[in-house]
Amino acid sequence: DAFSAPNLKMYKFDLQKAINFPLNSMLEDKSSAENWRNFNEKIKTLVRLLSGQTCAINSTLTINPTKHPYSIEYCLVFLARKIVEKGEETVGSRPETAFQYCQVIIEVLKHVKNFETIILAQFNEKCPYTIPYYKSRIPNHTDEQFME
């Protein structure tokens with residue numbers, strides 16, 4: 001709701017691009033040293049953005065996440081949603097990409113502690129089985145009653 005004002009529409013779109021652009025370009029083959037450096041640079045860009053620093057995302061987009069008081073929180077939630085989305089789309093067909101997304105999550109967690117709660121909430125929203133629930137057995141119930 002904080003970004004629903006018409007004057008913030010472009011800013012919100014730029015924040016989304018600032019998350020999407022590095023995240024989408026991370027899936028290149030990391031076998032070469034050049035691609036590995038690019039991957040690490042994309043992670044550093046995301047971390048700088050989420051730390052509140054002005055970032056040059058590409059040649060045409062430079063963004064300052066401190067223009068609005070909720071920009072960084074918005075970016076954290078948007079990043080978590082995108083990671084969960086990408087996990088569902090990409091990891092199913094290319095399991096090796098899971099390690100790349102895990103590395104992104106870990107690097108962001110090193111610098112932004114509350115990202116843990118946000119990413120777990122997004123995973124739990126998509127798949128509630130990420131939080132185990134064990135139904136307690138009531139005394140004197142048969143196996144059939146317990147399994148209902």
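In the predicted model, helix α3 makes the greatest contribution to the lining of the largest pocket, supplying five residues. Helix α3 spans residues 71-93, and together with α4 (97-111) and α5 it belongs to the helices that each provide at least two residues of this lining. The lining comprises 13 residues in total, and those lying nearest the centre of the pocket are I83, V84, G87, E88 and F123. By residue class, the lining of the largest pocket consists of nine nonpolar, two polar and two charged residues, and the volume of the pocket is about 170 Å³.

Helix α3 also carries the aromatic pair found in the model, the count of such pairs being one. The ring centres of Y74 and F78 are 6.0 Å apart and the ring planes stand at 20 degrees, so the pair is classed as stacked, given that planes under 30 degrees apart fall in that class. Along the sequence, Y74 and F78 are four residues apart within α3, a spacing of about one turn of the helix. Both Y74 and F78 are buried; for F78 the relative accessible area is 14%, and this residue is therefore placed in the buried class, for which the cut-off is under 20%.

The position of F78 in α3 can further be described by its C-alpha distances to residues remote in sequence. F78 and Q122 are separated by 44 residues along the chain, whereas their C-alpha atoms lie 9.8 Å apart in space. For P6 and F78, with their positions 72 residues apart in the sequence, the corresponding C-alpha separation is 19 Å. P6 itself is located in the segment before α1 (9-24) and is exposed, its relative accessible area being 75%.

A further residue considered here is T117, which is part of helix α5. With a relative accessibility of 56%, T117 counts as exposed, because the exposed class begins over 50%. The C-alpha atoms of T117 and A80 are 9.9 Å apart, although 37 residues separate the two in sequence.

Beyond helix α5, the loop between α5 and α6 contains N140, a residue that is not a glycine and nevertheless has a positive phi, of about 75 degrees. Most residues other than glycine have a negative phi. The relative accessible area of N140 is 80%, so this residue is classed as exposed. A contact between a charge and a ring is found for R137 and F146, where the charged end of R137 sits over the ring of F146 at a distance of 5.0 Å from the ring centre.

The confidence of the prediction bears on how these values are to be read. The mean pLDDT of the protein is 84, and 93% of the residues reach a score of at least 70. Among the helices, the highest confidence is that of α5 (residues 115-126), with a mean of 91, and the lowest is that of α6 (residues 143-147), with a mean of 82. As a general caution, predicted coordinates should not be read in detail where pLDDT is low.

How values were computed:
Residues are numbered from 1 along each chain as its sequence is written. This is a predicted model: local features need pLDDT of at least 70, side-chain atom pairs count only at pLDDT 80 or more; totals for chains, interfaces and linings use all residues. Side-chain values use heavy atoms; hydrogens and water are left out. Rings of Phe, Tyr and Trp (its six-membered ring) pair if their centres lie within 6.5 Å; planes under 30 degrees apart count as stacked, over 60 as edge-to-face and the rest as tilted. Buried means under 20% relative accessible area, exposed over 50%, partly exposed in between (1.4 Å probe, protein chains only). A charge sits over a ring if NZ of Lys or CZ of Arg is within 6 Å of the ring centre and within 35 degrees of the ring normal. pLDDT is the predictor's confidence in each residue, from 0 to 100. On a 1 Å grid over the protein atoms alone, a cavity is a set of points where a 1.4 Å probe fits but cannot get out, and a pocket is an open set with protein on both sides within 12 Å along at least five of seven lines; lining residues have an atom within 4 Å of a point. Grid points are joined across faces, edges and corners, and a volume is the space filled by probe spheres set on the points. Ala, Val, Leu, Ile, Met, Phe, Trp, Tyr, Cys and Pro count as nonpolar, Asp, Glu, Lys and Arg as charged, and the others, Gly among them, as polar.
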